[in-house]
Amino acid sequence: KGMRKIGEGDKSEVFVMPDGRILKLFFGHYAELAPIEADLSTVLVQAGVDAPRVDECIDVDGRPGIVFGNLREGITLSSDVRKRPWGLISAARSLARIHAAVHERSSEELPSQRERLVSEIESSDAISPETRDLALQVLADLPDGTTVCHNDIHMLNVIVDSNGTTLIDWVLATRGNPTADLAGAILQLRFGEQPKGLLAKVAQEAGRAVFWRAYLRQYRSLRPVADDELLRWQLPVAAALAGRRAGRMRAQLQAHIAYLLEGKRRQILEVTR
């Protein structure tokens with residue numbers, strides 16, 4: 001009672017409560033995600049990550065919900081950039097600083113990034129069996145880690161309010177290799193769903209290219225990453241991500257995977273000559 005709806009996603013609705021706190025209310029068929037996200041929030045706070053803090057878990061008309069105590073009403077980074085396109089590069093740099101700060105933290109309590117990637121690649125219906133096998137082979141040779149990783153960085157998972165910028169939706173958070181998380185962020189910032197209309201698509205495509213490059217430059221200025229290391233992570237991360245996405249983004253990821261595989265084939269030919 002007295003709540004005001006401010007957003008909706010595939011899995012939940014978001015409300016402002018009368019006291020100003022934010023309520024994330026899950027749809028019934030995603031009810032199992034509520035305790036998972038609440039538990040992850042506790043682990044992230046213990047690790048010192050600047051993430052939404054769960055005040056309490058409640059039930060509203062049979063639907064589970066999470067009340068966040070340190071979130072206030074704001075707009076997504078996507079909406080902020082559309083409203084203030086002149087702030088595109090500044091916004092990209094801000095996101096990179098936040099992401100790099102996350103990667104300064106570590107945790108032994110979070111789920112394994114490697115295990116999740118293996119599971120997502122094995123169950124992906126967006127790639128061929130041959131691509132699946134190669135992606136798993138590449139992943140097996142990549143280094144593990146205990147760094148806190150968000151694993152779902154995109155412009156709809158960043159909220160801008162009067163207090164600054166906050167990463168939300170940590171339900172895929174793991175411990176793992178930060179370069180894998182960086183690779184996933186770049187792929188999502190490059191290939192996110194696009195608006196309808198040719199002019200809007202062209203404008204957003206141009207803005208998207210400027211954004212992810214500015215983001216990557218800023219991140220690397222804070223946490224240097226070698227080109228070959230970032231490239232090696234792209235195939236397994238793209239293979240996993242393609243299975244989680246649909247529509248145009250899935251098609252773009254599939255095209256990118258084909259490009260990566262062509263490069264992989266060239267490398268194999270050069271080695272066997």
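The following exercises, each with a worked solution, concern salt bridges, surface charge and buried residues in a predicted model.

**Exercise 1.** Determine which parts of the chain the salt bridge between Arg-21 and Glu-56 links, and classify both residues by accessibility.

*Solution.* Begin with the geometry: the closest N and O atoms of Arg-21 and Glu-56 are 3.1 Å apart. A salt bridge requires a side-chain nitrogen of Lys or Arg within 4 Å of a carboxyl oxygen of Asp or Glu, so the pair qualifies. Next, place the partners. Arg-21 belongs to the loop between strand E2 (12-16) and strand E3 (22-26), while Glu-56 belongs to strand E4 (residues 54-60); the pair links distant parts of the chain, 35 residues apart. Then consider accessibility. Buried means under 20% relative accessible area. Arg-21 has 16% relative accessibility and therefore counts as buried. Glu-56, at 33%, counts as partly exposed. Finally, place the pair in its setting: Arg-21 and Glu-56 are linked with Asp-19, Arg-53 and Asp-55 in a network of salt bridges. The structure as a whole holds 18 salt bridges.

**Exercise 2.** Explain why the salt bridge between Lys-24 and Asp-169 ties together parts that are far apart in sequence, and state how accessible each partner is.

*Solution.* The side chains of Lys-24 and Asp-169 meet at 2.7 Å, N to O, in a salt bridge. Lys-24 is a residue of strand E3, whereas Asp-169 sits in the loop between E9 and strand E10 (174-176); the pair therefore ties together parts that are 145 residues apart in sequence. As to accessibility, Lys-24 counts as buried because its relative accessibility is 9%. Asp-169, with 26%, counts as partly exposed.

**Exercise 3.** Identify the helices linked by the salt bridge between Arg-244 and Glu-120, and decide whether each residue is buried or partly exposed.

*Solution.* In this salt bridge, the closest N and O atoms of Arg-244 and Glu-120 are 3.5 Å apart. Arg-244 lies in helix H8 (residues 227-244) and Glu-120 in helix H4 (residues 113-123), with their positions 124 residues apart in the chain. Arg-244 has a relative accessible area of 28% and is therefore partly exposed. Glu-120 has 13% and is therefore buried.

**Exercise 4.** Name the residues of the positive surface patch and the helices that each supply at least two of them.

*Solution.* The patch of positive charge on the surface gathers Arg-93, Arg-97, Arg-213 and Arg-217. At least two of the patch residues come from each of helix H3 (88-102) and helix H7 (198-222). Take Arg-93 as one of the members: this residue is found in helix H3. Its relative accessibility is 41%, so Arg-93 counts as partly exposed.

**Exercise 5.** Describe the surroundings of Thr-166 and Leu-260, leaving aside neighbours within four places in sequence.

*Solution.* Thr-166 is part of strand E9 (residues 164-167). With 16% relative accessibility, Thr-166 counts as buried. Once sequence neighbours within four places are set aside, Thr-166 is in contact with Pro-52, Leu-71, Asn-157, Val-158 and Ile-159.

Leu-260 belongs to helix H9 (residues 247-272). Its relative accessibility is 11%, and Leu-260 therefore counts as buried. With neighbours within four places again set aside, Leu-260 is in contact with Leu-231, Gln-234 and Leu-235. As a final step, consider Leu-230, which is 30 residues from Leu-260 along the chain: the C-alpha atoms of these two residues are separated by 12 Å.

Key:
Residues numbered from 1 in each chain as written. Predicted model: local features only at pLDDT ≥ 70, side-chain atom pairs only at ≥ 80, totals over all residues. Heavy atoms only, no water. Patch = residues over 30% accessible without salt bridge, like charges linked within 9 Å, V, L, I, M, F, W, Y side chains within 5 Å. Areas by Shrake-Rupley, 256 points an atom, 1.4 Å probe, with all protein chains shown as cover. Lys, Arg positive; Asp, Glu negative; His and termini not counted. Charge placed at Lys NZ, Arg CZ, Asp CG, Glu CD. Helix = DSSP H or I, 4+ residues; strand = E, 2+ residues; numbered from the N terminus. Buried < 20%, exposed > 50% of the residue type's maximum accessible area, 1.4 Å probe, protein only. Contact = heavy atoms within 4.5 Å.
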